[in-house]
Amino acid sequence: MKITYYGHATVGFEVDGVNVLIDPFLTSNPHTEVDPSTLRPDYLLLTHAHFDHIEDVELIAKETGATIVATHELASYYEKKGYSVHGMNIGGGHDFPFGRVTMTQAFHSSSLDMGDTPVYMGMPAGFIIETNGLTLYHAGDTSLFSDMKMYGERFEIDVAFLPIGDNFTMGPIDALDAAQWLQAKRVVPIHFDTFPPIKQDAQAFCDQLHRRGLLIEPNTTIEI
């Protein structure tokens, strides 16, 4: 499997010729110069509706016809705009051509800014993705919560993408606890340095995890 990190919370992976992109935030992302129109994902997985997670959804979906996978409310919003969607909800799972996706809870918020009023767009979420004998966990935007212990017990997680920015999500201290509870073999910090309130020393975070900490520079592809 090839995994590409684009900065912030945007992660892509390719398995058996199928391309998946999680939380496409590229146009305004200061960590990447990738033109979203050049990407060709087959699926777009969305953790929640905040701008810094869905900015390029429509541009990419219009270009590629990618299926948008999101909570029911957010999926319905895009379906009414004419896009291909697959709605899910917390605790549910579905077998896609690239693997099984389980939608996990996340403690955050989820809304779209429409004019002066934020509009509720369902619960925020994370994803556990099982594919080709590997298991990935993208926590989405979340605080620390005790069910992460259960995820670690029920799934053998190879790579966990955890927010460390603080202010809007859990910070490094809580993310270290999350890493221990999840028992992930590798932990990749995400959702940091994009804006001043979430400036963090990601290398120091990874150093505390020793060999399990994996700092991926934006626009870098690794293979596992």
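**His138, the core and a surface patch**

Me: In this predicted model, which backbone oxygen does the side chain of His138 reach at 3.0 Å?
Reply: A polar contact needs N or O atoms within 3.5 Å. The side chain of His138 meets that cut-off at 3.0 Å. Its partner is the backbone oxygen of Ala9.

Me: Which backbone nitrogen does the side chain of His138 reach?
Reply: This contact has a distance of 3.1 Å. His138 itself is found in strand β12, residues 134-138. The backbone nitrogen belongs to Gly140.

Me: Is His138 buried or exposed?
Reply: Leaving aside neighbours within four places in sequence, His138 is in contact with residues including Val11, Ile22, Phe127 and Phe161. Its relative accessibility is 1%. Buried means under 20%, so His138 counts as buried.

Me: Which helix gives the largest share of the largest nonpolar core?
Reply: That core has 53 residues. Phe13, Leu45, Phe98, Ile129, Tyr137 and Leu162 touch the most other members. The largest share, five residues, comes from helix α5.

Me: How many residues are in the other core?
Reply: This core lies apart from the largest one. Among its members are Ile54, Ala66, Leu74 and Ala75. Its residues number 20.

Me: Is Ile90 buried, partly exposed or exposed?
Reply: Ile90 is found in the loop between β6 (85-88) and β7 (93-96). Its relative accessible area is 32%. Buried means under 20% and exposed over 50%. The value lies in between, so Ile90 is partly exposed.

Me: What is the area of the nonpolar surface patch that includes Ile90?
Reply: Ile90 makes this patch together with Tyr120 and Met123. The area is about 300 Å².

Methods:
Residues numbered from 1 in each chain as written. Predicted model: local features only at pLDDT ≥ 70, side-chain atom pairs only at ≥ 80, totals over all residues. Heavy atoms only, no water. Patch = residues over 30% accessible without salt bridge, like charges linked within 9 Å, V, L, I, M, F, W, Y side chains within 5 Å. Areas by Shrake-Rupley, 256 points an atom, 1.4 Å probe, with all protein chains shown as cover. Salt bridge = Lys/Arg side-chain N within 4 Å of Asp/Glu carboxyl O. Helix = DSSP H or I, 4+ residues; strand = E, 2+ residues; numbered from the N terminus. Buried < 20%, exposed > 50% of the residue type's maximum accessible area, 1.4 Å probe, protein only. Polar contact = N/O pair within 3.5 Å; in protein donor to acceptor, adjacent residues only side chain to side chain. Contact = heavy atoms within 4.5 Å. Core = buried A, V, L, I, M, F, W, Y, C linked by side-chain atoms within 4.5 Å.
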